[in-house]
Amino acid sequence: MTTLNSDAFVFFGATGDLAYKQIFPALQAMIRRGHFDMPIIGVARSDKGIDELRARARESLKKHGGLDSGAFEVFSAKLQYVNGDYGSQQTFRDLRKVLDGASHPLYYLAIPPDMFATVVQGLANADCDKGARVVVEKPFGRDLASAQELNRILHQSFPESGIFRIDHYLGKEPVQNLLYFRFANSFLEPVWNNNYVRSVQVTMAETLGVEGRGAFYEEVGAIRDVVQNHMLEVVALLTMEAPTGRDPDALRDAKQRALGAMRPLAPDDVVRGQFRGYRKEDGVASDSQVETFASVRLHVDTWRWAGVPFYIRAGKRMPVTATEVLVEFKRPPQEVFDTITQGQANYLRFRLSPNVSIALGARAKMPGEAMVGEDVELTVRSGSGDEMLPYERLLGDAIRGDPQLFVREDGVEAAWGVVDPILGNVTPVHEYEANTWGPAEAEQMMSGDDHWHNPQPISETILVAKE
Ligand code: BG6
């Protein structure tokens, strides 16, 4: 791994949505912290110039996190613009001039995946790829075969150590804490297995719909958009063995073994839903079969996790916005006192977004003569989300050449291997009302007495006991 810092930051898709929502705020934040000292070069095809790009960045920052006039002034002075078509070699010749001899540029491909190959080829033809790194957005491909092809194309110009596949969930503080909490606490290890864990749930609920991204969403759907990447990465962090060593690849090796142990999903393991009204969104087909909700039942075929169902659910237009993990433990073997088995079984709850909390659900005796209990929740950590924007953290890592929080080639392919059998229309799509928890079929897919746990709007709320 090269540890040289990048000496120019180039982002393709400078006038696009991702730059607007994530890249400008991350750059401003890095400048504000004094972590960033290199030229910034935006590349895009448009009829606008550098002044318009600066104005767009200013507008973006006002909407996403706030404008810091001092940092923005520095940002504006560093910003340059290359206007051109990605299919034209002239664009890359122009870029080379603007790079002005930078020997370790970082290229961020914030562009549609079908343009990746063209841009990588253009960079190579203009000799811009030497000593460079490339950051690639998700979804990385559309399925296993296209991900493999994309890896092949990238490797023609970049070694694996120069490729940074972003999954912004890995840059989230609460996701990092999930990993830390698991391996920093010895009390967890004896119960972190199929002897004590009954099931694990991961819910990623969003109140928003597709918000003007209808055309993009039609190409992906919930499984490609968030299950293949964010959700499976979270499950890998929950199920992996401890990394052996501090080498950045130690973590990725351990995660890779967990991803590799996930059993490919079968059509019976998935329920797809679509919120009523989705087909009226701009860019969406009137008979679209694309899912805006997906729930899956996953198995991790290891000694530790054999027989434990992992339920994963992700949906748009849900009643709350929250990503939460619930590890539910088995109940005590005997009803020694009344009501022991009536309430909620013990659980560990990790709220990953938008706020952070780690909480332990338990039963405690209610005051009084009777030996009857109630559900209580012990909060281990509770706070307001990220200290640092995930994109700020990840771009900073890429600039320093630290690959730990990026998805490796084998990782991205393993994750596609899990979802590949359920992509497309192999299962029906069920309509659900906006502001609900998805189609009823999602509840029916649960095994035995399992039920979905719905994240509460307030992180501290104790789970409501099941009937
Ligand atoms: C993105 C998806 O990767 O993650 C979006 O493309 C989704 O559809 C977003 O809304 C959610 O991210 P966060 O950080 O807001 O939970």
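**Close-up views**

**View 1. Polar contacts of the ligand.** An N or O atom in the side chain of Lys-172 is 2.7 Å from an oxygen atom of the ligand. This legend, like those that follow, describes a predicted model. Tyr-169 places a polar side-chain atom 3.4 Å from an oxygen atom of the ligand, and for Arg-213 the corresponding distance between a polar side-chain atom and a ligand oxygen atom is 2.6 Å. On its own the ligand has 400 Å² of accessible area, of which the protein covers 73%.

**View 2. Residues around the ligand.** The surroundings of the ligand consist of Lys-138, His-168, Tyr-169, Lys-172, Met-204, Glu-206, Arg-213, Asp-225, His-230, Lys-316 and Ser-353. Sorted by class, this shell comprises six charged, three polar and two nonpolar residues.

**View 3. Two cis peptide bonds at residues of the ligand shell.** Lys-138 and Ser-353 are both among the residues around the ligand, and each is followed by a proline in cis. The bond from Lys-138 to Pro-139 is cis, with omega near -10°; Pro-139 is placed in the loop between strand 5 and helix 6 (144-157). The second cis bond joins Ser-353 to Pro-354, with omega about 0°. Pro-354 is found in the loop between strand 12 (347-353) and strand 13 (356-365).

**View 4. The two assigned domains.** According to the domain assignment, domain 1 spans residues 8-137, whereas domain 2 is made up of residues 170-388 and 405-460. The C-alpha centres of domain 1 and domain 2 are 34 Å apart.

**View 5. Val-136 in strand 5.** Val-136 belongs to strand 5 (residues 133-136). Its relative accessibility is 0%, and Val-136 therefore counts as buried, the cut-off being under 20%. The C-alpha atoms of Val-136 and Tyr-107 are 8.6 Å apart in space, while 29 residues separate Val-136 and Tyr-107 in sequence.

**View 6. Aromatic pairs.** The whole structure holds 18 aromatic pairs. In one of them, Phe-9 and Phe-11 form a tilted pair, with 6.0 Å from centre to centre and 40° between the planes. The ring centres of Tyr-311 and Trp-452 lie 5.8 Å apart, and their planes meet at 65°, so this pair is edge-to-face, a class that requires an angle over 60 degrees. Because Tyr-311 lies in strand 10 (residues 310-315) and Trp-452 in the segment after helix 12 (441-444), the pair ties together parts that are 141 residues apart in sequence. Tyr-311 and Trp-452 are both buried.

**View 7. The phenylalanine cluster.** Phe-9, Phe-11, Phe-24, Phe-36, Phe-72 and Phe-75 are linked into a cluster by ring pairs. Within this cluster, Phe-9 is buried at a relative accessible area of 0%. Phe-11 is likewise buried, at 0%.

**View 8. Aspartates with positive phi.** Although not a glycine, Asp-100 has a positive phi, near 50°. Asp-100 is situated in the loop between helix 4 (89-99) and strand 4 (105-109). With a relative accessibility of 67%, Asp-100 counts as exposed, because the cut-off is over 50%. Asp-127, also a residue other than glycine, has a positive phi of about 65°. The loop that holds Asp-127 runs between helix 5 (116-125) and strand 5. The relative accessible area of Asp-127 is 40%, and Asp-127 is therefore partly exposed.

Conventions
Residues are numbered from 1 along each chain as its sequence is written. This is a predicted model: local features need pLDDT of at least 70, side-chain atom pairs count only at pLDDT 80 or more; totals for chains, interfaces and linings use all residues. Side-chain values use heavy atoms; hydrogens and water are left out. Domain bounds come from an automatic or database domain assignment. A residue is near a molecule or strand if one of its heavy atoms lies within 4 Å of it. A polar contact is a pair of N or O atoms within 3.5 Å; within protein, one must be able to donate a hydrogen and the other to accept it, and residues adjacent in sequence count only if both atoms are side-chain atoms. Accessible areas come from the Shrake-Rupley method with a 1.4 Å probe; for residues, only the protein chains shown count as cover. Ala, Val, Leu, Ile, Met, Phe, Trp, Tyr, Cys and Pro count as nonpolar, Asp, Glu, Lys and Arg as charged, and the others, Gly among them, as polar. Rings of Phe, Tyr and Trp (its six-membered ring) pair if their centres lie within 6.5 Å; planes under 30 degrees apart count as stacked, over 60 as edge-to-face and the rest as tilted. Buried means under 20% relative accessible area, exposed over 50%, partly exposed in between (1.4 Å probe, protein chains only). Helices (H or I, at least four residues) and strands (E, at least two) are DSSP runs, numbered from the N terminus.
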